Amino acid sequence: MDFGTIIEILDSAVRLGTPLLLACLAGLFSERAGIFDIGLEGKMLMAAFFSGAVAAVTGNAWLGLLAGVGGSMSLAFVHGLASITFRGNQLISGVAVNFLASGFTVLIAQSWFHQGGRTPQLSGNGRFDPITLPGAEAVQDVPFLGPIYSNLISGHSILVYVAFAMVPITWWVLFRTRFGLRLRAVGENPESVDTAGISVIRMRYTAVAITGVLAGLGGVYLATGLAAGFVKEMTAGRGYIALAALIFAKWRPVPALGATMLFGLLEAISNRYPNIDLGVVTLPIQFMQAVPYILTVIILAGFIGKAIPPRAGGQPYVKER
Amino acid sequence: DPAIIYDLGGKYDKSFNEAAFNGAKRWAEETGGSYKELEMQSEAQREQALRKLAESGANPIVMTGFAFGDTLNTVAPDYPDTKFAIVDMVVDQPNVESIVFKEEQGSYLVGMMAAMASKTGTVGFVGGMDIPLIRKFACGYVQGVKAVNPDAKVIQNMTGTTPAAWNDPVKGGEIAKAQISQGADVIYAAAGGTGIGVLQAAADGDVLSIGVDSNQNYLHPGKVLTSMLKRVDNAVYDAFSAGPDLKPGIKVMGLAQNGVGVAMDDNNKSLVTPEMEKAVEQAKADIASGKIEVHDYMSDDSCPVE
Amino acid sequence: MEKTPKWVDVALIPLLNLLIAFVISGIVVLLIGEDPIKAIKVMVSGALGSPYGWGYTLYYATNFIFTGLAVAVAYHASQFNIGGEGQATLGGLGVALVLLAFPWPHWTIALIAAMAGGAIFGAAWAAIPAYLQAKRGSHIVITTIMFNFIGAAVLNYMLVNVLRPRGSMDPATARFGASTHLPTFHDFPLVGQFFSKSVPANVSFFVAILACYLVWVLIWRTKLGFEIRAFGRSESAARYAGISPVKIVMAAMLISGGLAGLMAINNVMGEAHRLVLNSVEGAGFIGIAVALMGRNHPFGVFLAALLFGFLYQGGGELALETTIPRELITVIQALVILFTGAFDNMLRAPIESFFVARANARKEA
Amino acid sequence: MELKGISKAFGTVQANKDISIRVMPGTIHGIIGENGAGKSTLMSILYGFYKADAGEIWIKGKHTHIPDSQAAISAGIGMVFQHFKLVQNFTVLENIILGAEDGALLRPSLSKARKELKRLAEEYELNVDPDEKIEELSVGHQQRVEILKALYRQADILILDEPTGVLTPAEADHLFRILDFLRKEGKTIILITHKLREIMEITDTVSVMRRGEMTATVKTAETSPEQLAELMVGRKVLLNVDKTPAQPGKTVLEVENLRVKDEDGIERLKGINLEIRAGEILGIAGVAGNGQSELLEILGGFAKGTGHIRINGEEIDLTGKHSDGQSRRRRGISHVPEDRHSLGLILDFAAWENMVFGYHSDPAYQKNRFVMDNAGIVAHTAEAMERFDVRPPIPTLPAKSFSGGNQQKIVLAREIERNPALLLVGQPTRGVDIGAIEFIHKRIIELRDQGAAILLVSVELDEIRALSDRVAVMFDGQVMGIGPVETATQTGMGCLMAGMGGEDVRGMDGWTIAAPEESQ
Ligand SMILES: Nc1ncnc2c1ncn2[C@@H]1O[C@H](COP(=O)(O)OP(=O)(O)OP(=O)(O)O)[C@@H](O)[C@H]1O
Ligand SMILES: Nc1ncnc2c1ncn2[C@@H]1O[C@H](COP(=O)(O)OP(=O)(O)OP(=O)(O)O)[C@@H](O)[C@H]1O
Ligand SMILES: [Mg+2]
Ligand SMILES: [Mg+2]
């Protein structure tokens with residue numbers, strides 16, 4: 001495997017890992033605030049649809065982005081209503097959100113576009129195209145660092161840079177700001193926040209809204225960055241993988257980057273090497289397709305240890321029984 | 001009235017269910033007749049749908065997809081006066097017409113074109129899932145490629161093992177990019193909704209792609225080399241036209257019967273060189289005459305080339 | 001707080017919630033330009049209006065009972081088993097291998113053997129995540145998600161390369177011998193005449209009901225169930241009482257996986273008579289909704305499974321009979337889950353405070 | 001500060017009924033009452049945590065509306081809850097500033113708080129390491145953090161809800177010094193406690209609550225513990241335990257060179273040697289966190305370690321397959337754990353389920369090989385609840401619906417009933433009201449008189465003295481000294497608890513004192 005190949009695989013890993021990263025950070029805000037979210041899949045799907053639809057109609061990816069984030073946030077609001085205001089079961093609500101997105105997207109897509117639950121193909125300004133960072137071409141030929149900069153770092157859609165920027169931003173917000181302190185506190189012990197005179201409900205809704213925005217960006221990237229339009233069920237389980245990555249990362253932003261990029265990398269590797277010939281036997285294609293999941297289990301069992309979720313996670317805040 | 005049942009992918013799968021739908025629509029438009037249609041929800045509904053239609057008096061009843069074979073085998077004898085037609089599977093019953101396509105022949109042709117269009121000598125294939133039908137496509141394709149350029153390399157990928165494999169354009173695109181970075185400059189996608197991502201990534205990456213089932217050349221004019229046509233629409237149209245007089249037995253839809261083919265239109269005119277056109281015509285004739293025999297994966301569950 | 005009458009608690013509120021879900025679904029139907037009244041009629045008559053409809057409704061319900069129970073049992077031990085899909089997939093493999101291995105003389109014997117095969121394979125597929133959770137603390141949610149994907153790959157490989165009859169286009173096993181076919185409702189004495197030949201509901205339904213009963217006994221009547229519940233509520237207290245965490249996590253997850261695997265006697269052995277790709281069709285995930293809505297109680301699971309069976313069959317009829325896209329059913333399911341599950345307190349809180357106020361007023365008087 | 005006509009109902013439970021109370025500035029006002037009398041509820045209303053159904057709050061002569069804790073804080077009210085409201089994995093500093101940050105960024109708030117904390121620490125002798133995580137602090141220190149939180153917010157009115165329940169006597173004394181100090185500064189303090197001694201010692205006035213109502217408010221100087229107890233419980237209460245001298249029999253428990261390491265590999269028990277004989281109570285005194293919990297855990301079977309434990313001469317498995325709670329119980333060891341909420345009870349379980357918790361494998365509770373005899377257990381529980389005066393005596397009620405004292409009675413009933421050879425008891429009366437304490441103490445003595453060996457761990461020296469026949473003092477995972485209770489002096493025990501030998505100790509007749517150098 002030469003250097004160029006490694007760069008290409010890493011490049012692919014970045015693309016594949018980005019939607020996971022956005023969804024994972026989305027989940028991080030919600031779960032750090034004590035609201036479990038297995039509805040990331042649905043939020044991404046909803047955002048993918050609305051961004052695809054609006055970008056197709058207007059020809060403007062940015063309007064698509066707004067619509068996508070809006071779609072995702074509306075589901076986030078439903079989840080918030082269920083788990084904060086009505087103190088319902090957060091898992092049930094998450095399951096419902098996934099079902100809702102799965103059915104709703106195709107239903108509206110069909111009724112708007114009559115293309116069997118797809119949106120029209122996007123082209124031109126309807127998509128977030130890769131952007132070339134300054135100097136990328138110039139340094140192309142510099143050994144080692146040149147390809148890294150121009151092939152790996154440059155040449156992604158704006159949303160990739162946003163996603164990567166969100167990692168330090170999330171870290172900073174969480175651990176360096178008043179908002180982050182309160183957010184973490186509300187996920188650990190909402191009573192401490194309440195008795196400190198802060199509204200638990202407002203904190204949690206804010207967190208859930210941020211989740212909506214970030215998961216929305218993940219969906220938008222799928223439909224308008226990586227693909228060129230919406231296809232039914234196009235999230236293909238990425239929301240669940242993002243959830244796995246979140247637990248993997250023990251609800252911390254920098255490890256979340258590592259976990260999601262690891263998933264991206266494993267998938268990129270299995271794409272790149274559909275069969276591996278071991279001389280005696282050729283590993284079947286199904287094995288290579290399962291490799292990312294098998295390795296995840298092995299890494300988890302071997303190195304990660306116990307992940308302790310935020311203490312108040314999953315429980316509605318009830319003062320008076 | 002005739003009736004059609006689509007497989008689980010649904011009638012707008014941008015693939016062969018959609019082709020079947022187009023055939024039915026064409027029939028209705030041309031004859032002014034009406035037909036019934038059903039979409040599956042689950043495996044258990046196959047029998048339900050078949051019996052429902054049969055009992056409603058529909059005749060003939062066409063179904064798309066090999067997955068109906070088993071059910072049809074048990075249902076058909078109960079309705080001896082109803083004619084059934086099944087696409088992609090042989091069902092040996094006196095009132096069933098089995099329509100099988102020689103996908104390997106069509107794939108062979110697009111394989112030839114791919115090899116001729118390729119400058120790198122490396123071409124790609126993206127299948128939805130590792131199942132016999134897709135292997136059949138792949139095998140024909142590889143044979144076509146090798147017929148033109150025995151040294152050519154064919155990179156083969158499958159998208160997944162869950163139903164999502166057919167609806168994951170993002171993964172399709174990423175696989176296409178991986179193939180491009182390994183030198184592939186023509187990529188053939190037989191992966192349903194996933195294929196849309198493959199075609200897109202190929203267009204973005206400035207390489208050629210090949211569509212499947214219906215004519216997908218229009219998706220990226222000037223970027224899609226051709227599409228391997230599987231004329232399920234014709235099969236459905238024919239069955240509907242035959243009405244209750246549908247002839248039971250096996251109906252092979254190969255090149256000779258115009259059952260498979262390559263799509264040539266304004267969108268890919270600039271891409272298809274006269275030599276390509278000539279070679280394809282020649283191969284068509286040779287296949288029809290039996291001079292070239294394209295190996296069918298299903299005949300022995302194996303492929304002579306890789 | 002126990003002042004709300006029981007019937008309000010278990011009947012009135014869920015029904016009102018269901019009503020809201022259906023009203024909103026009706027609005028959705030209206031919005032996409034279809035007739036909601038007709039839609040309801042088709043659904044109800046298609047799923048419940050005839051023995052034929054019931055034959056399908058109960059068939060789907062059977063699947064959901066098994067996967068719902070699987071989720072519920074694990075939940076009592078505070079393990080969130082998202083792996084029902086993979087466990088049921090492997091259960092199908094187990095059932096198929098057992099049925100193909102031997103020319104079974106009679107369905108009763110075949111059923112027992114197939115149950116063993118399905119349960120063992122399902123349990124085996126839960127065993128690794130369970131072991132890793134118990135011994136290494138690897139989060140069960142991640143590992144069971146991963147095992148769903150791995151299970152799909154295993155099945156894909158087995159069907160295409162190992163079990164598929166030579167030359168068959170269909171990635172499926174051969175048909176099981178006729179002697180292994182389970183009697184369907186059509187074959188039953190007395191009532192059989194009402195059910196058409198094609199109804200898939202079969203004796204597995206009664207196995208499922210038995211499973212509900214046995215799970216109830218297990219959870220609320222046995223020592224193991226006591227320990228499972230204790231561990232699920234308080235791990236530290238369970239340790240104080242000498243309950244081994246490893247034992248409980250393993251036991252609960254193996255039972256859970258076994259129940260999910262048992263589903264295969266319905267869809268694989270009872271209906272398809274062979275194993276096809278994706279035979280589970282999402283029933284593992286629906287099991288999560290069923291368990292949560294059924295409050296993890298076997299009787300609740302039974303009712304929720306019936307409701308989902310109804311939605312499935314009614315929705316299927318809707319897709320067959322009208323031009324409404326089949327995805328509407330997914331939306332209706334979502335709304336039902338949302339209102340009867342997550343939004344439960346929306347009505348419950350005001351209704352309960354009404355009854356509390358009444359009780360207080362009485363006390364004053 | 002004044003409350004007028006406060007009422008509050010939780011569902012059908014009337015927690016507070018038309019309560020009025022007036023507290024003068026610069027005084028300490030005590031509130032006492034049985035478990036569930038509504039003390040915490042009343043204070044939570046004052047702090048804006050709960051909303052009252054009716055009533056008014058007046059602060060400094062002004063009618064003040066307190067809809068939430070923010071309003072309470074602005075009104076100068078600070079509260080230390082019975083169950084601390086701290087974020088376990090935050091540092092002390094982060095907990096202090098939570099909700100009282102200056103500006104959107106943490107850094108300036110943190111450095112300001114650090115300075116302020118230092119000042120407060122000096123001023124009030126409230127030392128805590130600002131960068132320590134809460135979960136690593138002892139409860140005593142956690143409580144200091146809660147007090148600091150209130151002081152940091154410049155509270156003039158400080159409410160403390162059962163602050164001493166979890167403190168050692170030394171810690172409690174320190175706390176009272178601080179409260180005295182605050183009172184002198186003119187702050188108003190409301191102190192909820194079950195301990196009459198504390199009321200008598202420090203308060204200026206005291207109110208008694210009973211079943212949601214305020215039954216009396218009196219000047220402390222004009223009342224007596226006996227009178228308060230009677231006001232509280234509604235009958236005469238025996239404040240001293242009646243106890244006949246022990247008649248020790250044969251040795252039941254022998255512990256030899258017992259060592260336990262915690263998860264981090266730190267040795268928490270460093271070679272314990274003890275024995276207890278039938279019919280005697282050995283009290284283990286010591287500052288919390290010196291290995292008493294670990295001693296109970298390993299004897300109770302849910303910690304692993306090395307050394308020897310023998311019951312009636314038979315060796316007990318310490319590491320293998322049979323080192324769990326159920327095997328211990330089969331060997332006749334019963335265990336009332338220190339923490340009834342997280343160990344002794346499953347709060348969601350019904351009383352009857354808790355009544356057999358840990359003994360659920362006992363053949364007596366099985367109907368046949370497969371199922372448990374639930375009906376039998378319920379009947380048995382109803383009867384046990386009657387005997388142990390658990391109120392209300394409804395076996396199907398979940399444990400969380402019982403008040404603290406009644407929860408403790410359920411645990412005690414379960415463990416005592418079996419006539420164990422050895423009873424392990426940890427903090428049996430923590431957070432429990434006087435009436436219940438009296439009852440629990442009586443039962444423990446009764447069990448002793450029936451010939452059981454009892455190991456009692458308590459941070460309450462009073463309790464140790466009242467119940468024990470012999471006392472062992474633990475410090476840093478070792479037994480510093482062991483001897484008869486009669487000759488134990490307060491100062492001597494204090495020295496041992498601090499890990500010192502010295503003159504004071506030598507005066508204690510019949511005591512075996514560990515060599516001082518071992519204490520390092
Ligand atoms: N959040 C709540 N929801 C419902 N009921 C409650 C709640 N908090 C307290 N109660 C009930 O209100 C009554 C008064 O409880 P409260 O905690 O005020 O008593 P307390 O005097 O502080 O008791 P303790 O001495 O045990 O602390 C009890 O019956 C209790 O069960
Ligand atoms: N709130 C309190 N209640 C009871 N005892 C206290 C309290 N605060 C301090 N003490 C006791 O007074 C002594 C000095 O306490 P201080 O916290 O100032 O010392 P330190 O060196 O910081 O030790 P530590 O951190 O262990 O308390 C300690 O032995 C401690 O046990
Ligand atoms: Mg209290
Ligand atoms: Mg200190």
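1. Let's start with the outside of chain D: its accessible surface is about 20800 Å², and carbon and sulfur atoms hold 50% of that. Accessible areas here follow the Shrake-Rupley method with a 1.4 Å probe, and for residues only the protein chains shown count as cover.

2. A word on ground rules: this is a predicted model, where local features need pLDDT of at least 70 and side-chain atom pairs count only at pLDDT 80 or more, while totals for chains, interfaces and linings use all residues. Residues are numbered from 1 along each chain as its sequence is written, chains are lettered from A in the order in which they are written, and side-chain values use heavy atoms, without hydrogens and water.

3. On overall shape, the C-alpha atoms of chain D fit a box of roughly 70 × 55 × 50 Å along the principal axes. Chain D's radius of gyration (taken over C-alpha atoms) is 24 Å, which agrees with the value near 24 Å for a compact globule of 520 residues. That rule is 2.2 Å times the number of residues to the power 0.38.

4. Now look inside. Of the 520 residues in chain D, 58% are buried, meaning under 20% relative accessible area (1.4 Å probe, protein chains only).

5. Finally, see where chain C meets chain A: 44 residues from chain C and 44 residues from chain A take part in the contact, which is defined as heavy atoms within 4.5 Å. Together the two chains bury about 3900 Å², with 80% of it on carbon and sulfur atoms; buried area is the accessible area (1.4 Å probe) that two parts lose on being put together, summed over both. I142(C), M146(C) and F149(C) supply 14% of the area chain C buries against chain A, more than any other three residues.

Terms used: Buried < 20%, exposed > 50% of the residue type's maximum accessible area, 1.4 Å probe, protein only.
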